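Welcome, and please have your viewer ready. We will start with the whole chain and then select a few residues at a time.

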Amino acid sequence: ELTWGAAHSLLNEYGLRRHDRVGILAYNRPEWLVALFGVAAAGGISVGLNGWWTSDEILYALEDSGCRFLIVDELLWQRAKPLIGQVRALETVFYIGEHAPEGTVPVQKLLQRRTDMPTVPIDEDDPFVILYTSGTTGRSKGCITTHRGTVAQVQSIMYTYFMGLLLRGDQTGQPAAMPANPGTLLTSPLFHVAGLHSTVCTSLTSGSKLVFGPPRFDAERTLQIIERERITNWMAIPTLLSRLLDHPQLDKYDLSSLIVISTGGAPTAPETAARARKLIKTQPSVATSYGLTEVHGMACAIGG
């Protein structure tokens, strides 16, 4: 309902046109996703902006993508503030947080519940979101991901997951069971395909609970979240997994819900995967994957 409300507001109150670009500069939070899917439902294209960029890099991406709208949160506003008025196409800035600064619109004006689905036609090959990916030289390149490619990414990951269940079957040939209440821990940024396409879109499709990790990785808080929220799936970069395994209080937490750890972004040392299976009593499947923004996330994986 919030997503549909955001779409109707963008279309009817702020004049969003088909394929207009909407920049999102915010740390992982529910409003990020409501905005993203609201823009998609209105036929627009979101632009995921890197929360670690400098003001100069943000300015480049806003100009390069031609954003008419920008959604920014209170934590990153100071980096965006000097750019207002410099971006030629930028017309409206929505602010996530209390006390919206002058010249911005409180994001609550977008988050109006509606029960009627937008009727803007969307083709499978329409752009879904533009994400910036580093090349070997020069500026990051804006990579267009499509609705069709995102669906294909989700189908591929779910196929891989079900193959894993079959391979982990018992001696009678019965496949391992899906967890009754799957829960996914999100520690990858939403401006990256690992976080947005591979984790969020797959979790939503499978009906998994999605739990946002802390803005900055904290091993103890992560252990607390896995225990409290009964996390079943975690997609991590290898250094985060190593930091979790190195925590001196690891054995004091109940991690019995955790059955799959997926890693990517860098090779996972076989020793790290072996340590995870040894130290975490459930002996989770530790999979590692290779991917790239151009293929909307994971391209190939090995695990089990």
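Helices and strands here are DSSP runs, with at least four residues for a helix and at least two for a strand, numbered from the N terminus. Counted this way, the protein chain holds nine helices and 13 strands. Its radius of gyration is 20 Å, close to the 19 Å that the globule rule gives for 304 residues, so the chain is as compact as a globular protein of that length. Please keep in mind that this is a predicted model.

**Stop 1: the whole chain.** Show the C-alpha trace and turn it along its principal axes: the span is about 60 × 40 × 40 Å. Now switch on the surface, where the accessible area comes to about 15100 Å² and 54% of that belongs to carbon and sulfur atoms. Of the 304 residues, 50% are buried. Next, colour by charge to find 26 positive and 28 negative side chains; the centres of these two sets lie 3 Å apart. If you display contacts between residues at least 6 apart in sequence, 68% of them join residues at least 24 apart.

**Stop 2: S46.** Select residues 45–48, which make up strand β2, and pick out S46. Is S46 buried or exposed? S46 has a relative accessible area of 0%, so it counts as buried. Show its surroundings, leaving out residues up to four places away in sequence, and you will see that S46 touches V22, I24, A35, L36, V39, F128, V129 and I130.

**Stop 3: aromatic pairs.** The chain has nine aromatic pairs, counting rings whose centres lie within 6.5 Å. Select F37 and F128, a stacked pair with 6.2 Å centre to centre and 25 degrees between the planes. This pair links distant parts of the chain, as F37 sits in helix α2 (residues 30–41) and F128 in strand β6 (residues 127–133), 91 residues apart. F37 is partly exposed, at 24% relative accessibility, whereas F128 is buried at 4%.

Move on to F217 and W234, also stacked, with 6.3 Å centre to centre and 5 degrees between the planes. F217 lies in the loop between β9 (209–212) and α7 (219–229) and W234 in strand β10 (residues 233–236), so this pair ties together parts that are 17 residues apart in sequence. Both F217 and W234 are buried.

**Stop 4: a cluster.** Which residues join F69 in one aromatic cluster? Select Y14 and F94 along with F69 to see the cluster.

Definitions and conventions: Residues numbered from 1 in each chain as written. Predicted model: local features only at pLDDT ≥ 70, side-chain atom pairs only at ≥ 80, totals over all residues. Heavy atoms only, no water. Rg over C-alpha atoms; globule rule 2.2 N^0.38 Å. Buried < 20%, exposed > 50% of the residue type's maximum accessible area, 1.4 Å probe, protein only. Contact = heavy atoms within 4.5 Å. Areas by Shrake-Rupley, 256 points an atom, 1.4 Å probe, with all protein chains shown as cover. Lys, Arg positive; Asp, Glu negative; His and termini not counted. Charge placed at Lys NZ, Arg CZ, Asp CG, Glu CD. Phe/Tyr/Trp six-rings, centres within 6.5 Å; stacked < 30°, edge-to-face > 60°.
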